Amino acid sequence: MLEKLSLDGKTVVITGGGTGLGREMSVAMAKAGADMVIASRRMGPIEETAEAVREQGRRAIAVSTDVTDSGQVNRLIERAIDEFGKVDVLFNNAGIVRGQGSIPIWDISDEDWRIGIDTNLTGAFYCSRAVAKHMIERGGGKIVNVSSGFGFRGGRDNYMYTCGKGGIVQLTRTITTSMSRYGITCTCIVPGFIPTEGTAESNDTLPRGGFIPMGRVGMPHEMGPLAVYLASDASDYMNGEMFAIDGGGLAGGYAPTGYAPEIPLEV
């Protein structure tokens, strides 16, 4: 059974792999045996992650990529194939919170909307599109998307992130119903509140430990085992599923456990 969890011989492409959850998942998959192609806009962080992968005895390359640019995405997949000969697994992890907090809809510019939706949703579409024919020609592959608990609930004055992550859920379902006949499976990780450097400066209304049934927020390293499982042969019959890793946050309902409106309801 444990052999099914091995990633020996697999090549994984991950976006947003330089910091936070992406770095943790990259190193975990390397420990399980995967060679890694790590993408993000900033070269410094992804090269540091690539070096951490190499320390596990695996091959890794860092490819600077803006996932909102389809040309750069196409070059990322081409580089991965040139370097490793194949792509077994694609992890669409890139996303953006921007640390700007809640913004009334009338203060959101066209550019704010475009950047948020393109980074959180369009990039995953571009990456999936770029790798699809290659996976089909090889007889199959795995696409793993990363959404959020906010993909299933609204957030006060939180438009781009919730809409983008909700779109990731639907992208997962549509890839599943469209490409399973070619041997491509698609699943989705749904993290709850797991503090990283990317969310540390955000003052969005996010559920803290008191709103989570387990009584604490998640830790980035807890993403690693789930990433390994979904990339491995052990999850071959998992398809179109959403895997929440949130301490039970979504089990508490669409609003976080213990949540109360700022303005009391009047009957």
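**Strands and helices around a parallel sheet**

Reader: How many bridges join strand β5 to strand β6?
Author: In this predicted model, β5 covers residues 141–146 and β6 covers residues 184–191. The two strands run parallel. The number of bridges that join them is six.

Reader: Thanks! Which residue in β6 is the bridge partner of Asn-145?
Author: Residue 145 falls in the stretch 141–146, which is β5, and its partner sits across in β6. That bridge partner is Cys-188.

Reader: Which strands are the edge strands of the open sheet?
Author: Let's go across the sheet: seven strands follow one another in the order β3-β2-β1-β4-β5-β6-β7, with parallel pairing. An edge strand here pairs on one side only, and that holds for β3 and for β7, residues 242–245. Neighbouring strands are turned against each other by 15 degrees on average, direction ignored. So the order and the pairing lead to the edge strands β3 and β7.

Reader: What angle does the direction of helix α1 make with that of β1?
Author: Helix α1, residues 20–31, packs on the sheet and touches β1, β2, β4 (89–92), β5 and β6. Helix α2, residues 43–54, packs on the sheet too, touching β2 and β3, and its direction makes about 170 degrees with that of β3. For α1 and β1, the angle is about 175 degrees.

Reader: Within what arc do the buried residues of α2 fall, seen down its axis?
Author: Buried in α2 are Pro-45, Ile-46, Thr-49, Ala-50, Ala-52 and Val-53. Seen down the axis, they line one face of the helix, because they fall within an arc of 160 degrees.

Reader: And against what do those buried residues of α2 pack?
Author: One neighbour is a helix and two are strands of the sheet. The buried residues of α2 pack against α1, β2 and β3.

Reader: How far apart are the end C-alpha atoms of α3?
Author: Helix α3 has 15 residues, 70–84. At 1.5 Å a residue it should span 21 Å, and the model agrees with this, because the end C-alpha atoms are apart by 21 Å.

Reader: Which residues of α3 are exposed?
Author: Let's start with the buried ones: Val-73, Leu-76, Ile-77, Ala-80 and Phe-84. These fall within an arc of 90 degrees seen down the axis, so they line one face of the helix. They pack against β1 (11–15), β2 (35–40), β3 (60–64) and α4 (110–138). On the other side of α3, the exposed residues are Arg-75 and Asp-82.

Reader: What is the phi of the residue that follows α3?
Author: At the start of α3, a side-chain oxygen of Asp-69 comes within 2.9 Å of the backbone nitrogen of Gly-71. After the helix comes Gly-85, and its phi is positive, near 85 degrees.

Reader: Is Asp-35 buried or exposed?
Author: Asp-35 lies in strand β2, and a polar atom of its side chain is 3.0 Å from the backbone nitrogen of Arg-59. Its contacts further away in sequence include Lys-10, Val-12 and Phe-84. The cut-off for buried is under 20% relative accessible area. Because Asp-35 has 11% relative accessibility, it counts as buried.

Reader: Last one: which residue in β2 stands opposite Thr-11?
Author: Five bridges join β1 to β2, and these strands run parallel. Both faces of β1 are covered, with Thr-11, Val-13 and Thr-15 buried on one side and Val-12 and Ile-14 buried on the other. Opposite Thr-11 stands Asp-35.

Notes. Residues are numbered from 1 along each chain as its sequence is written. This is a predicted model: local features need pLDDT of at least 70, side-chain atom pairs count only at pLDDT 80 or more; totals for chains, interfaces and linings use all residues. Side-chain values use heavy atoms; hydrogens and water are left out. Helices (H or I, at least four residues) and strands (E, at least two) are DSSP runs, numbered from the N terminus. The expected span of a helix is 1.5 Å times one less than its number of residues. Buried means under 20% relative accessible area, exposed over 50%, partly exposed in between (1.4 Å probe, protein chains only). The arc is that of the directions from the helix axis to the C-beta atoms. Contact means heavy atoms within 4.5 Å. A polar contact is a pair of N or O atoms within 3.5 Å; within protein, one must be able to donate a hydrogen and the other to accept it, and residues adjacent in sequence count only if both atoms are side-chain atoms. Two strands pair if DSSP finds at least two bridges between them. Axes are lines fitted to C-alpha atoms, for helices over the stretch in contact, and angles run from 0 to 180 degrees between N-to-C directions. Lists of a residue's contacts leave out its neighbours within four places in sequence.
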